[in-house]
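Visitor: I would like a close look at one part of this molecule. Please take me along it step by step, in short sentences.

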Amino acid sequence: IAYVNTQAIFQSAPGRAEAESQFEREAGAFREQVKRMDDSLNTMVSDYQKNVTKLDSTTRARRETAIRTKQDEYRQRASTLEEQLNQRRDALLQPIMERIRQALDQVRAEDGYAMILNNDAQGSLIGSADKNLDVTERVVARLKTLAANAPARPATGAPAPAPSGVTRRP
């Protein structure tokens, strides 16, 4: 068993700086678009507030509705842009993360480690492990066997019979 600091590996990964730089350029365009939407909305609200006393109730209600509609549109658009930005970040980092995983797997196999653990404070515990050590399928099969062999509980809601000599405290 060995361990690694995946944060240090990521910081040293070839192509990481370029991918982050590309992401920051694209994120800047996203921030600029959100700022323009905010500025537009703020102008609309400011104009309304300056003239609210001069407006009749119908016009006031119509403008308030228009402001709320615009807020909802901008909120939805910002959410969509953020989702697209997150997808773009993932797409830029995916090849780097794949190379890191490949390097971990190769080092683990070449040096004969059963697993490589992650030593980061907030990371996943296992960085790479021999697939033969995964016993998930065996546990699932055992659970199914246990369920199939378990005695049926009475349908009346009464507790299942306990083995002899086992009692519950009231």
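Guide: What follows is a walk along helix α3, with a few looks at its surroundings.

Keep in mind that this is a predicted model. Let us place the helix before we enter it. The chain has 170 residues, and 19% of them are buried. It holds four helices and three strands. Read from the N terminus, the order of elements is β-α-α-α-β-β-α. Helix α3 covers residues 57–111.

Begin with its length. Helix α3 counts 55 residues. From its first C-alpha to its last, α3 spans 78 Å. At 1.5 Å a residue, 81 Å would be expected, and the actual span is close to that. Still, α3 has a bend. A kink of about 40° sits at L93. The proline P95 follows shortly after that kink.

Now ask what lies alongside. Helix α2, residues 16–51, packs against α3. The two axes are 10 Å apart and make an angle of about 175°. Angles over 145 degrees count as roughly antiparallel, and α2 and α3 are therefore roughly antiparallel to each other. Look at the residues of this contact. They divide into 19 nonpolar, five polar and eleven charged.

Which residues of α3 are buried? They are T59, I67, Y74, A78, L81, L85, L92, L93, I96, I100, L104 and R108. Notice that L93, where the kink lies, is one of the buried residues. Notice also that R108 is on that list. To read the spacing of such a list, a general rule helps. An α-helix has 3.6 residues a turn, so residues three or four places apart point the same way.

Take L81 from the buried set and look across to α2. A27 lies in helix α2. With a relative accessible area of 1%, A27 is buried. A27 and L81 are 54 residues apart in sequence. In space, their C-alpha atoms are 9.7 Å apart.

Charged pairs come next. The structure holds nine salt bridges. One of them joins E26 and R88, with the closest N and O atoms 2.8 Å apart. E26 belongs to helix α2 and R88 to helix α3, so this pair ties together parts that are 62 residues apart in sequence. How open are the two partners? E26 has 24% relative accessibility, so it counts as partly exposed. R88 has 32%, so it is partly exposed as well.

A second salt bridge stays within α3. D72 pairs with R75, and their closest N and O atoms are 3.3 Å apart. These two residues are three apart in helix α3, so about one helical turn separates them. D72 is partly exposed, with a relative accessible area of 43%. R75, at 53% relative accessibility, counts as exposed. The cut-off for exposed is over 50%, which is why R75 gets that label at 53%.

A third pair is D90 with R89. Here the closest N and O atoms are 3.6 Å apart. D90 is partly exposed, with a relative accessible area of 45%. R89 is partly exposed too, with 31%.

Two further residues of α3 link the helix to other stretches of the chain by distance. The first stop is R68, which lies in helix α3. It counts as partly exposed at 47% relative accessibility. R68 and V45 are 23 residues apart along the chain, and 9.9 Å separates their C-alpha atoms. The second stop is Q106, also in helix α3. At 42% relative accessibility, Q106 counts as partly exposed. Its C-alpha atom is 9.6 Å from that of S128, 22 residues away along the chain.

Finally, step off the helix. Strand β2 covers residues 115–118, and I116 lies in it. I116 is buried, at 2% relative accessibility. I116 and A2 are 114 residues apart in sequence, yet their C-alpha atoms are 4.8 Å apart in space.

To recap: α3 packs against α2 at about 175°, carries a kink of about 40° at L93, and is tied to α2 by the salt bridge between R88 and E26.

Key: Residues are numbered from 1 along each chain as its sequence is written. This is a predicted model: local features need pLDDT of at least 70, side-chain atom pairs count only at pLDDT 80 or more; totals for chains, interfaces and linings use all residues. Side-chain values use heavy atoms; hydrogens and water are left out. Axes are lines fitted to C-alpha atoms, for helices over the stretch in contact, and angles run from 0 to 180 degrees between N-to-C directions. Angles under 35 degrees count as roughly parallel, over 145 as roughly antiparallel, 65 to 115 as roughly perpendicular and the rest as oblique. Ala, Val, Leu, Ile, Met, Phe, Trp, Tyr, Cys and Pro count as nonpolar, Asp, Glu, Lys and Arg as charged, and the others, Gly among them, as polar. A salt bridge is a side-chain nitrogen of Lys or Arg within 4 Å of a carboxyl oxygen of Asp or Glu. Buried means under 20% relative accessible area, exposed over 50%, partly exposed in between (1.4 Å probe, protein chains only). The expected span of a helix is 1.5 Å times one less than its number of residues. The bend at a residue is the angle between axes fitted to the seven residues ending there and the seven starting there.
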